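Trainee: I should like to examine this structure with you, step by step. May I put some questions about it?

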Amino acid sequence: MVLTKTRSPIRSNVGLKAVMAVTGIILVLFLIAHMLGNLKIFTGAEAFNHYAHWLRDLGTPLLAPGWYLWLQRTVLVVAVLAHIGAATMLALRSRAARPVGYAHRRKIHVNYAARTMRWGGVIILLFVIYHILDLTTGTLNPVGDAARPHSNVVADFAPERWPVTLFYTLAVVMLGFHLRHGAFSAFRSLGQQTPTGERLARTGALVFAVALTAGYLVVPFAVLTGLVR
């Protein structure tokens, strides 16, 4: 009898796409919630600080203060690693199954998209690391006081720290490209395969990506221009 090695369902192409879908949903929901929380800075320092302290106490008394945020960070790290891993495996399999290149125009389009996603992912990863050291641990923040979240944000995007704002902008724009690509793929996976459906999927993905990108960028530029002090 010859025993054949079976691949785990989660490592199949369908399984990997499911992993990407689930982790993508988790990350998008977090991005939306995080953006809405960031926008509370326009309600004033007291309200923003209260919101930040509320997040630290979320889950108490079942959880110790701050535990919810660390559980959330753990889930997000696992989701990001699983998302990247699944995307990498699918890309490698797609390349291996396609030894003959596409026509010139299609090849340029695919290579451009691949480079944008690849380098965008590197920029986003570097930004996440910096963001944690800046506004989570306070290590790189000029104020770095956990009791004054509003002051941390204002100090972070002060005019003299324009390179930080520039890096933040670049990372958020790259995130927007990722979201547009991911949302379009998700809409297509839901059956939008007709020409009209594809146009709607492209429009919906673009609107979603632009809205989230604008929601994240409005805060640093409000600080940079003095609208938020």
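The following exchange concerns a predicted model.

Trainee: Which residue ranges does the UniProt annotation "transmembrane region" cover?

Mentor: The ranges come from an unreviewed UniProt entry, and such annotations may be inferred rather than shown by experiment. According to that record, they are residues 14-36, 70-92, 112-133, 162-179 and 200-223.

Trainee: How far apart are the end C-alpha atoms of residues 14-36?

Mentor: The span of residues 14-36 is 100% helix and 0% strand. Residues 70-92 are likewise 100% helix, with end C-alpha atoms 33 Å apart. For residues 14-36, the distance between the end C-alpha atoms is 33 Å.

Trainee: Which residues have the most contacts inside the largest nonpolar core?

Mentor: The largest nonpolar core has 23 residues. Two or more of its residues come from each of α1 (13-38), α4 (104-136), α6 (162-189) and α7 (195-224). Leaving aside neighbours within four places in sequence, the contacts of Y168 include F127, F157 and Y216. The residues with the most contacts inside the core are Y168 and Y216.

Trainee: Is V122 buried, partly exposed or exposed?

Mentor: V122 is placed in helix α4. On the surface, V122, L125, L126, I129, L133 and L140 form a nonpolar patch with about 480 Å² of accessible area together. Because the relative accessible area of V122 is 37%, and the class between 20% and 50% is called partly exposed, V122 is partly exposed.

Trainee: How many salt bridges are there?

Mentor: Side chains of opposite charge can pair when their charged atoms come close. One salt bridge joins R148 and D145, at 3.2 Å from N to O. Another joins R202 and E198, both in helix α7 and four residues apart, about one turn of the helix. The count of salt bridges comes to three.

Trainee: What is the distance between the closest N and O atoms of R161 and D156?

Mentor: R161 and D156 are both buried. The two residues form a salt bridge, for which the cut-off is 4 Å. Their closest N and O atoms are apart by 2.8 Å.

Trainee: Why does E198 count as partly exposed?

Mentor: The partner of E198 in a salt bridge is R202, and R202 is partly exposed with a relative accessible area of 39%. A residue is buried under 20% and exposed over 50%. E198 lies between these limits and is therefore partly exposed, because its relative accessible area is 23%.

Terms used:
Residues are numbered from 1 along each chain as its sequence is written. This is a predicted model: local features need pLDDT of at least 70, side-chain atom pairs count only at pLDDT 80 or more; totals for chains, interfaces and linings use all residues. Side-chain values use heavy atoms; hydrogens and water are left out. A nonpolar core is a set of buried Ala, Val, Leu, Ile, Met, Phe, Trp, Tyr and Cys residues joined through side-chain atoms within 4.5 Å. Buried means under 20% relative accessible area, exposed over 50%, partly exposed in between (1.4 Å probe, protein chains only). Contact means heavy atoms within 4.5 Å. Patches are made of residues with over 30% relative accessible area and no salt bridge: like charges are joined within 9 Å, nonpolar side chains (Val, Leu, Ile, Met, Phe, Trp, Tyr) within 5 Å. Accessible areas come from the Shrake-Rupley method with a 1.4 Å probe; for residues, only the protein chains shown count as cover. A salt bridge is a side-chain nitrogen of Lys or Arg within 4 Å of a carboxyl oxygen of Asp or Glu.
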